[in-house]
Amino acid sequence: MESTKADEIAYAIEEAIVSGEIEPGSILRQESLSEQYNVSRTPIREALRNLAALGLVQFVPNRGVRVRTLSREELREAFLVRAELESLATALAVPNFDQEGLAELEAAEQRFGELTETLRANAREKSASAGLIGEWVRANHAFHDVIYARARSPYVVRLAKSARRTFFGQTVWTVGSELDELYEKNAHQHSAIRGAIAATSAEGARELAREHVLASGNLLEMILDQVERPSRTTAA
């Protein structure tokens, strides 16, 4: 029972990290988590060990467990790796899509598109919330998970998801006037990938998936530039 509870807690913490709710560099303390989830420290320790195995957190002597922070170079490398894995998983999935699968993918695409529009509209009014951004990230994952489920290649999918975990928690995904078009492009790329899959074009879907991940990397780089700009200005 405790192992199941540990898995549930690990999943909840992972979701908070990849959505940006828990920021990179944050310290996770066992006593606080034990109180938050109303459990003993045993499942908390197991959950944290699971997250450490995924590369999301690291144990720091005398401080607790810290949410891992990557350098720019590591992030770029993670995006390059995921781009290749994502494109491979997408190509493998194409022959396995039927009408039910295409309908599921279209529903996921529409959900992501709706949240993207809401995110952009709220950002223009300077009212985008962490909750909405987290929902947007999960909707993005849901779209790609429909494809992963049909790749029928557990090892490739496991590696792709591991690469995805590496960088989605590195910063809160925010929207500003400089980023608006990139978010719109991100949603349009989902539509293009679905179109290629519907046309049973494995090579087309593969290349579009690769371009999509690399474009997401560019978007994250620009967000990091925005986040770091105020501190650089203050330092100057």
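A crossing of two helices is called right-handed if the near helix is turned clockwise from the far one by less than a right angle, and left-handed if the turn is anticlockwise. Keep that in mind for point 2. Also remember that you're looking at a predicted model.

1. Let's start with the sheet. Three strands make an open sheet, and the order across it is β1-β3-β2, with antiparallel pairing. The edges are β1 (27–28) and β2, since each of them pairs on one side only. On one side, two bridges tie β1 to β3, and you can find L28 standing opposite V65 in β3. On the other side, β2 (residues 57–60) and β3 (residues 64–67) are joined by four bridges and run antiparallel. To spot that pairing, look for Q58, which sits opposite R66 in β3.

2. Now for the helix pair, α2 and α3. A pair of packed helices is described by the angle between their axes and the distance between those axes. Here the axes of α2 and α3 come within 9 Å and cross at roughly 115 degrees. That makes α2 roughly perpendicular to α3, because angles of 65 to 115 degrees count that way. As for the hand, α2 passes α3 in a right-handed crossing.

3. Which residues of α2 and α3 meet? From α2 come Q30, E31, L33, S34 and Y37, and from α3 come R41, I44, R45 and L48. It's a mixed bunch: the contact has four nonpolar, two polar and three charged residues.

4. Helix α3 also has to do with the sheet from point 1. It lies across β1, β2 and β3, and runs at about 115 degrees to β2. So α3 turns up twice in this note, because it is in contact with α2 as well as lying across the strands.

5. Last, have a look at some backbone angles. N38 has a phi near 55 degrees, which is a positive value in a residue other than glycine. You'll find N38 in the loop between α2 (30–37) and α3 (41–53). Is N38 buried or exposed? N38 counts as exposed because its relative accessible area is 70%, and the cut-off for exposed is over 50%.

6. R152 also has a positive phi, near 55 degrees, and is not a glycine either. R152 sits in the loop between α6 (130–151) and α7 (154–168). With a relative accessible area of 64%, R152 is exposed. One more positive phi belongs to N62, near 65 degrees, in the hairpin of β2 and β3, where three residues lie between the strands.

Note on methods
Residues are numbered from 1 along each chain as its sequence is written. This is a predicted model: local features need pLDDT of at least 70, side-chain atom pairs count only at pLDDT 80 or more; totals for chains, interfaces and linings use all residues. Side-chain values use heavy atoms; hydrogens and water are left out. Buried means under 20% relative accessible area, exposed over 50%, partly exposed in between (1.4 Å probe, protein chains only). Axes are lines fitted to C-alpha atoms, for helices over the stretch in contact, and angles run from 0 to 180 degrees between N-to-C directions. Angles under 35 degrees count as roughly parallel, over 145 as roughly antiparallel, 65 to 115 as roughly perpendicular and the rest as oblique. Contact means heavy atoms within 4.5 Å. Ala, Val, Leu, Ile, Met, Phe, Trp, Tyr, Cys and Pro count as nonpolar, Asp, Glu, Lys and Arg as charged, and the others, Gly among them, as polar. Two strands pair if DSSP finds at least two bridges between them.
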